[in-house]
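Please look through the sequence and the model below, keeping both in view as you read. The paragraphs that follow go from one residue outward to the elements around it, and then to other parts of the chain.

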Amino acid sequence: MKQVFTALALGSVLVGVPAFADAEVGKPAPAFTLKDEAGKEHSLSQYKGKVVVLEWTNPECPFVQRHYQADTMANTLKGFDAKKVVWLAVDSTAHNTPEKSATWKKTEGFTYPVLQDASGATGKTYGAKTTPHMYIIDTEGVVRYAGAIDDDPRGKNDKKVNHVQTAVDAVLNGKPVPASTTTPYGCSVKYKS
């Protein structure tokens with residue numbers, strides 16, 4: 001009887017929790033094709049031969065707002081060779097629209113695409129849990145990093161380690177990524193329920 005109760009209790013806890021597949025470091029990145037805010041299609045396969053940085057985002061999230069006010073993403077991207085590295089933001093927020101993404105992109109003044117994933121299918125395939133949640137995929141399509149943008153969740157450290165910068169530099173130089181997984185922080189991804 002005790003085992004039945006435990007199983008029932010555990011089952012009730014798990015009900016309603018979205019299933020996450022998780023893109024695993026060292027394994028091929030899940031394929032995707034998504035349209036950006038302007039309606040242009042982007043497939044992971046079209047970027048083979050380049051390092052791809054995926055940034056799960058939501059402009060309504062205070063953590064994302066803080067990073068965009070500090071130009072964390074833009075400054076990180078500036079440090080990379082544009083011929084070798086592609087940056088793609090992905091918005092899996094259920095109520096997001098291409099128009100909202102276009103307005104936000106114009107307001108913030110960045111140039112990389114904001115891929116539209118309002119269904120949440122791609123986000124769930126990757127196991128994106130927070131905004132921001134970062135993934136780095138090497139030139140062969142293998143995930144080499146998954147986790148936080150940096151080691152400063154509260155934005156209070158004078159010195160911080162930019163995990164994405166470190167990981168991309170390692171991948172470009174053919175070296176192992178020092179910390180290939182870290183715990184992402186931020187707001188939960190607002191998936192369609």
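Leaving aside its neighbours within four places in sequence, H163 is in contact with Y145, A148, I149, D150, D151 and T182, where contact means that heavy atoms lie within 4.5 Å. This is a predicted model, in which local features need a pLDDT of at least 70 and side-chain atom pairs count only at pLDDT 80 or more, whereas totals for chains, interfaces and linings use all residues. Residues are numbered from 1 along each chain as its sequence is written, and side-chain values use heavy atoms, with hydrogens and water left out.

H163 has its place in helix 6, which covers residues 163-172; helices (H or I, at least four residues) and strands (E, at least two) are DSSP runs, numbered from the N terminus. Is H163 buried or exposed? H163 counts as buried because its relative accessibility is 14%, and the cut-offs are under 20% relative accessible area for buried, over 50% for exposed, and partly exposed in between, with a 1.4 Å probe and protein chains only.

H163 shares this property with other residues of its helix, since V164, A167, V168, A170 and V171 in helix 6 are buried as well. These residues lie on the same side of helix 6, because they cover an arc of only 160 degrees around the axis, the arc being that of the directions from the helix axis to the C-beta atoms. A general rule helps here: an α-helix has 3.6 residues a turn, so residues three or four places apart point the same way. The buried residues of helix 6 pack against strand 3, helix 3 (72-78), strand 4, strand 7 and strand 8 (143-147). At the start of helix 6, a side-chain oxygen of N162 reaches to within 3.1 Å of the backbone nitrogen of V164, while just after the helix G174 takes a positive phi of about 70 degrees.

Strand 3, one of the elements against which helix 6 packs, runs over residues 51-56, and six of its six residues are buried. In a regular strand the side chains alternate between the two faces of the sheet. In strand 3 both faces are covered, with V51, V53 and E55 buried on one side and V52, L54 and W56 buried on the other. Strand 3 runs parallel to strand 4 (residues 85-91), to which six bridges join it, and W56 has V90 as its bridge partner there. With strand 7 (residues 133-137), strand 3 pairs in the antiparallel sense over five bridges, and in this pairing E55 stands opposite M134. Two strands are said to pair if DSSP finds at least two bridges between them.

Which two cysteines does a disulfide join? The link runs from C61 to C187, with an S to S distance of 2.2 Å, and it belongs to the one disulfide that the structure holds, a disulfide being defined as a pair of cysteine sulfur atoms within 2.5 Å. The pair links distant parts of the chain, 126 residues apart, with C61 in the loop between strand 3 and helix 2 (62-69) and C187 in strand 9 (residues 187-188). C61 is buried, because its relative accessible area is 1%, and C187 is also buried, because its relative accessible area is 16%.

Another histidine, H42, sits in strand 2 (residues 41-43), and it counts as buried because its relative accessibility is 3%. The side chains of H42 and D36 are joined by a polar contact of 2.9 Å; such a contact is a pair of N or O atoms within 3.5 Å, and within protein one must be able to donate a hydrogen and the other to accept it, while residues adjacent in sequence count only if both atoms are side-chain atoms. Beyond four places in sequence, H42 is in contact with residues including F32, D36, Y47, P113 and L115. P113 is 71 residues away from H42 along the chain, and their C-alpha atoms are separated by 9.0 Å.

For the protein as a whole, the secondary structure comes to six helices and nine strands, and buried residues make up 45% of the 193 residues. Of the contacts with a separation of 6 or more, 75% are between residues 24 or more positions apart.
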